[in-house]
Amino acid sequence: MPQATQRNALLVGTRRRGVTTSDALESLDELAELLVTAGGVDVGRILCDVPVINARTFIGQGKLEQVSTRAAEGDVDFVLFDDDLSPSQQRNIEESAGKMVLDRTGLILDIFAMRARSAEGKLQVELAQLEYLLPRLRGMWTHLSRQGAGIGTRGPGETDLEIDRRRIQEKITRIKKRLDHVRRTRSLHRAARERVPYETASLIGYTNAGKSTLFNALAGADALAENRLFATLDPATREIVLGRGERMLVSDTVGFIRKLPHQLVESFKATFEEVTSSAHLLHVIDVSHEAVDHHIEAVHAVLGEIGIPTGDVISVLNKIDRCEHPAVVTRLLRELPSAVAVSARTGEGLVELRSMLADRLHRGRSRVDVLIPAGRGDLLSALHRDGTVISEILDGECVSVRAWVSPKLLAIVSEFLQ
């Protein structure tokens with residue numbers, strides 16, 4: 001991977017029909033945060049009114065001239081658009097500006113290339129990048145050789161991009177086959193977890209909402225938790241203990257974001273499978289952020305894209321210790337079903353969150369009578385650990401147990417039902 005160098009970007013945002021100025025500026029601020037995460041510097045911003053998208057250059061001729069004039073100044077290394085550009089639009093703007101042009105998707109893919117650590121994560125990112133770059137091959141190496149390594153050039157190197165389309169397509173096919181193998185392996189691991197009578201939960205939320213900090217607080221883990229966008233790419237799973245001693249498996253997952261590139265949703269399906277297969281979803285929300293409502297909408301949009309309903313999600317209102325407007329917390333507690341206010345950093349509210357998860361575990365449980373053979377101490381332990389035992393009587397070579405159990409635990413002990 002090329003060594004990241006600090007490069008200066010001119011940011012270009014757009015105010016489209018139906019979008020307010022404040023929303024457009026807010027999106028531009030987020031683009032600037034993404035730029036900092038990638039190691040770049042914001043040296044200027046231009047907001048363009050785009051009532052109708054120009055098929056050649058996305059923005060109108062007057063604004064293109066303004067962007068080109070500003071890009072020609074010595075402190076600009078590349079131009080960064082807050083919207084996705086078609087390959088032809090990107091090339092036409094580059095020809096006018098005389099500088100490399102990158103769009104929001106390209107920047108996010110670059111950050112993912114920088115952040116991926118596991119073999120699976122690297123494969124997922126490379127697949128997304130190659131599918132994004134494939135239609136952009138014509139003329140791409142011209143600006144790469146002119147600009148040098150840095151933001152927008154991480155991941156597949158220049159040599160990889162200079163091969164023909166057929167070989168790149170073959171590489172995409174190979175990566176997809178390897179990811180299919182990863183998915184099958186993950187399914188085997190998930191099947192093994194299914195045999196353990198623990199229900200699963202996944203932490204989801206907008207990037208930088210505090211998911212990893214909450215994960216560490218709940219599980220006593222040491223996952224990377226820093227104030228950067230997309231700090232977590234590779235999912236981690238740990239066991240947590242709830243209020244009455246019940247146990248649950250919880251997974252920390254990649255953060256969502258507005259305008260999340262479709263390539264990443266597709267490529268990270270193996271990761272999102274952890275979310276779709278979880279019995280419980282904890283939507284971690286940064287209530288201290290001024291764009292909290294937009295963040296909630298963005299997460300709901302991604303959940304919709306991967307086919308998950310939002311009605312039964314637990315909303316974890318995080319960072320209440322940093323929230324300057326308590327009325328926001330009060331409103332969200334009222335508006336969002338199954339909401340709880342916490343501070344993962346200070347621990348406030350975590351007792352209530354564990355209690356809510358414990359209540360979820362007991363929801364939908366059945367009362368059963370089972371006769372457990374004396375040699376199946378594992379089942380007896382599971383009933384005590386993950387069920388609610390009402391009575392337990394030694395009956396010859398077996399133990400007769402009456403207990404409340406979850407559907408998952410019921411399936412495990414079903415052959416011993418009386």
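## Confidence of the model

The structure is a predicted model, and across the protein chain the pLDDT averages 82, with 82% of the residues scoring at least 70. Confidence is not even along the chain, since over residues 141–147 the pLDDT stays under 50. For that stretch the model has 16 contacts beyond four places in sequence, and these are to be read together with the pLDDT under 50 that residues 141–147 carry.

## Overall composition

The protein chain holds 16 helices and 13 strands, and of its 418 residues 52% count as buried. Among the contacts in the protein chain with a separation of 6 or more, 71% are accounted for by residues 24 or more positions apart. The area that the protein chain exposes comes to about 18,500 Å², of which carbon and sulfur atoms supply 50%.

## Helix α3

Helix α3 spans residues 87–97, and eight of its 11 residues are buried, so the helix is largely enclosed by the rest of the structure. The buried positions are P87, Q89, Q90, R91, N92, I93, E94 and A97, a list in which R91 and E94 stand alongside I93 and A97. Just after α3 comes G98, whose phi is positive at about 70 degrees.

## The β11-β13-β12 sheet

Three strands, in the order β11-β13-β12, form an open sheet in which the pairing is antiparallel. The edges are taken by β11 (366–373) and β12 (388–395), and each of these has a single partner strand, so one side of each is left without a neighbour in the sheet. From one strand to the next, the twist averages 15 degrees.

Strands of a sheet are paired through hydrogen bonds of the backbone, in either the parallel or the antiparallel sense. Here β11 pairs with β13, which covers residues 398–405, over eight bridges in the antiparallel sense, and within this part of the sheet D369 has R402 in β13 as its bridge partner. Helix α15, made of residues 377–386, lies across β11, β12 and β13, and runs at about 150 degrees to β12.

## Cysteines and disulfides

The structure holds zero disulfides. Two cysteines can nevertheless be described by their accessibility: C323 has a relative accessibility of 14% and therefore counts as buried, while C398 has a relative accessibility of 19% and counts as buried as well. The cut-off matters for reading the value of C398, because a residue counts as buried under 20% relative accessible area.

Notes. Residues are numbered from 1 along each chain as its sequence is written. This is a predicted model: local features need pLDDT of at least 70, side-chain atom pairs count only at pLDDT 80 or more; totals for chains, interfaces and linings use all residues. Side-chain values use heavy atoms; hydrogens and water are left out. Buried means under 20% relative accessible area, exposed over 50%, partly exposed in between (1.4 Å probe, protein chains only). Helices (H or I, at least four residues) and strands (E, at least two) are DSSP runs, numbered from the N terminus. pLDDT is the predictor's confidence in each residue, from 0 to 100. Contact means heavy atoms within 4.5 Å. Two strands pair if DSSP finds at least two bridges between them. Axes are lines fitted to C-alpha atoms, for helices over the stretch in contact, and angles run from 0 to 180 degrees between N-to-C directions. A disulfide is a pair of cysteine sulfur atoms within 2.5 Å. Accessible areas come from the Shrake-Rupley method with a 1.4 Å probe; for residues, only the protein chains shown count as cover.
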